[in-house]
Each structure stands twice: as structure tokens, then as C-alpha cells.
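Got your viewer open? Load the model and follow along, one selection at a time.

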Amino acid sequence: MDWEEERIRQERRERRRRLHEKLAENARTDVARRQDKSANKSNQDAVQNGVDSSRQDEDQDQAKLEKKQAASNINKQKSSKKKPVKKKAKQKAKWRLPKFNIKGKGKANSKKQKQGQAGKRKQQVTSNQGMPPVKKVQKSEPTNWKKMVLLLLPFVIALFVAGYYASPLNHVASITLEGVEDTESMILSPLNEGMSVTDLKNSKGEVEQAIVNQNPSVKSATVNVSDWNKVAVNVSAYRQLGYIQIADFFYPLLENNEIIDTPLPSLEKELPLFEGYDIANEDQRAKLTETVKALSSLSDDIIQKISLVTYTGDESNTDRIALQMVDGNVVRGFISSIGDRMSYYNGIASQLDGQTGLIDMEVAIYFTELNDGNNPYALEEDKKAYDESVAAESSAASESEASELDVLSSDSASESTDSSSTESTSASDASSGSTSETSQVESTDAQAASSSVETDAASGNSVVESGSE
């Protein structure tokens, strides 16, 4: 009987081992089933209901199971006594009973299998009591990357935009000024280093107009942004026509009639100096505007050949102007027509072959010798002295001419008397009366000629002109 008890113990141990393996396998399958929502919920409900009902009948089921196992073991022992040869085969069949339903067995074996399966189920339910509670594991749905990208894309774009606004790339790093020589006096406000590039692009037109309004010498300005934050300002400036003197300083005069408020101690460029204009006088200021407008049509080559531009208008004619040229010539004309006629100056100067004098452009264009009488740049004293000398020369010439005419008349009178005396001696007394009459007529003709010469001298004609007459 000792070997039978030992065999029973071994069978019990084997059943326990199988039971534990089954429980572990069931636990693994339960964990796998919990990953699926539908299977997990149904299993949890069944387990909870089974656990509640099995806790009450746990002891009774366990006792019944042991009794049935003991009875089955006794039957096996009896059968093993009658047929000891089949022990090994039975032992092999024991290992396969939980896994396979082997045909050809008796009713006892089929009942035993059913009872063992039912007992295992109950044991599985009861064994869950000692196990720690299993947390519910919800199966995560597959990630929808398209939705995630669509949701995150606006935030990523907003992050990049905010980073750009805060980065140095959105602030002006350097400003380059092109088109003007004096860059220090240029006012570029509101453009400055550190200004937002985005704000500059949005208000580009306003910035360009502000630069033009703040700088009288600027005709137009263009702002360009390159390399993210480098700014270049291209400026188109008005041409400088010359200088105007106010007190002891010289101020640049532009072709738009603007006077740059930059006093200079001397002339820096080879440009004409405008003089004779009283800026405080509105009429002369208007004449300066007309002069600048007329000369602005000339080329730079002709402008650089002018040394002085002098306003010579007076009460008789307020439109007169004089130009002192670098080559020594003096040009006289009217403001209204000087711009058109000065455009021919290069051709006129080439025909003079180096001669210098007065080029009169008032009515027509002609060249004459320059003297103190017709030179607009001569001093008043020199002009008076020249007029007096001309008057003295004209009076002396007229007196000499009158004396010569008197001598000629006296000679002609003496000759006529001699001829009349000879004729009177040879002729009769009747012819003497006629000769006296002719002598009287000749004397009256000589007196009329002398009076006409004196009249011409008084009118101011030269001696050569009277001789030609």
C-alpha cells in the first residue's frame, strides 16, 4: 500500500503542477484578451460574477473535488492490480488527458475528464482570489498622423513666425546710401539701424517720401532690402547750378531753386556765382527763380564755362542779365531768352578764333569789341570816364572838321574874286554885275555847308561818318 500512497501523492503533485501551469497560461491569455475592448469587458463581467459566486462555495467545491479524485484513484489502483503491465501506458495517458480527448477509453475516464475540467475551471475562478487585482488596460487606437500634422502645423508656423520677429534677421543691420556725395548731411528718418524689416517693407513708400521731404536736394529715393536685413537707399539728387553769396558765406543753389542751408567759406566747385539778386526782395527773388529755370536747360559743359551770373535789370528793363565767361567773353541778354541762345555758345566761341569781347544776345546774336562803355561789369567811374572821353573826342573832331571847312570856303572865295577881277578888265561893264552875283551865291553855299557839319557833330557822329556823308 505504500507504493500506492506514493503514487497518489505523485498524481496530486502532478495535478497541482498542471493546475498552476494552466492558471499561468490563463493569466497570460487574460492579459492578452484585456487589450481588446470588447473581449476585455465581457471577460471582466464574467470573472466578477464568477468570483462573487465562487467565494461562497469555495470550501464545498474543494472538498467534493478531493473526494472524486480519491475515488478515481482507488479505481485506478484496482485496475492496476489486475493489469500491472499497463501502468506505463496509463501514466503516459495521464499526461495527455488535459490536452486531448482520446477515443476508446471507458466511461470512467470520460467522466473523470469532465470532472477534472470542471474542477479546473472552478480552481481558476477561485485562484484569482489570491492574485493581485489586474488593472484595466485599454488598447490604444492607432495614431492618425495626418490629423496630428494638420493640428500641429498652425502651431509650428506660428512658432517660426514669432521666432523670425524676435530674431536679428527682422532688424535692419546696415544702411548704405548711394547717389550722393555728402552722405553725412542726409536725413534718413524714420529709417535707422535696428528698425523692423517687416515694418519697413509695409511702409516703404512712406519712408521714401519722408526722405525726399526732409532733404531739399533729393529728387527721388528708393529703399531696397537685401540679404534679409541689409538696406540700400538709392538717391537721385537735383543738379547744383551754382552758388549764391549771403553775407560772407556761399550757399549751394540747386536747379529746383532751393538754397541749401550749408554755409561755405569758399566755392568748392567750378560753378557760377549768382550775384545782384536781393533774396529779401520778392521781385528779385522771383527773377532769381526765372534765371535758374532758364539756365537749368543748359548742359553741364556750358554751366561750368560761366564764372558769374549778374542781374543787371533796371527801371527801364527788369529782364536784363549778364554772364561773365571763364574764357574772357561777356554775354549780355534777357532772362526770358538767355537759356535758348546760350545753347549756341560753344559754336560761337569756336568761330571767334580766340578773340574776346562782348557777345550781345538781347535782340540778335552778334560780337563786338568790349570796352568800358558796353561792359556791364565795368565800374561806374570807368563808364563815366569813357563817356567823357568819347564826348571830348567827338567835339574835337567836329571842331577840326569845321575849321577845315572854313579854310576851304575862304580859298574858294579868294579864287572867285581873282577870276571876277580878270574878267571885269577884259569884259564889258555889263558882265561885271553878273560876276558879283555869282560870288555872292557861292559864299552863301559855303556857309550852309559849315552849318550842316556843326549839326552832325552835335548829334554825336564821328569824323569818319561825316566824311562819308
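**The whole chain**

Of the 469 residues in the chain, 28% count as buried, meaning under 20% relative accessible area with a 1.4 Å probe and protein chains only. This is a predicted model, where local features need pLDDT of at least 70 and side-chain atom pairs count only at pLDDT 80 or more, while totals for chains, interfaces and linings use all residues. Residues are numbered from 1 along each chain as its sequence is written, and side-chain values use heavy atoms, with hydrogens and water left out.

Switch to cartoon: there are 15 helices and eleven strands. These are DSSP runs numbered from the N terminus (helices H or I, at least four residues; strands E, at least two).

**A three-strand sheet**

Select 174-178, 218-226 and 230-237, which are β1, β2 and β3. They form an open sheet with mixed pairing, in the order β1-β3-β2; strands pair if DSSP finds at least two bridges between them. β1 and β2 are at the edges with a single partner strand each, so one side of each has no neighbour in the sheet.

Zoom in on β1 and β3: their pairing is parallel, over five bridges. Ser174 has Lys230 of β3 as its bridge partner.

**The helix on the sheet**

Now add 204-214. This is helix α8, which packs on the sheet and touches β2 and β3. Its direction makes about 140° with that of β2 (axes are lines fitted to C-alpha atoms, for helices over the stretch in contact; angles run from 0 to 180 degrees between N-to-C directions).

Within α8, pick Val212. Which residues does Val212 contact, leaving aside neighbours within four places in sequence? Val218, Lys219, Ser220 and Ala221, with contact meaning heavy atoms within 4.5 Å. Finally, draw a distance from Val212 to Thr222: their C-alpha atoms are 9.9 Å apart.

Technical notes:
Buried means under 20% relative accessible area, exposed over 50%, partly exposed in between (1.4 Å probe, protein chains only).
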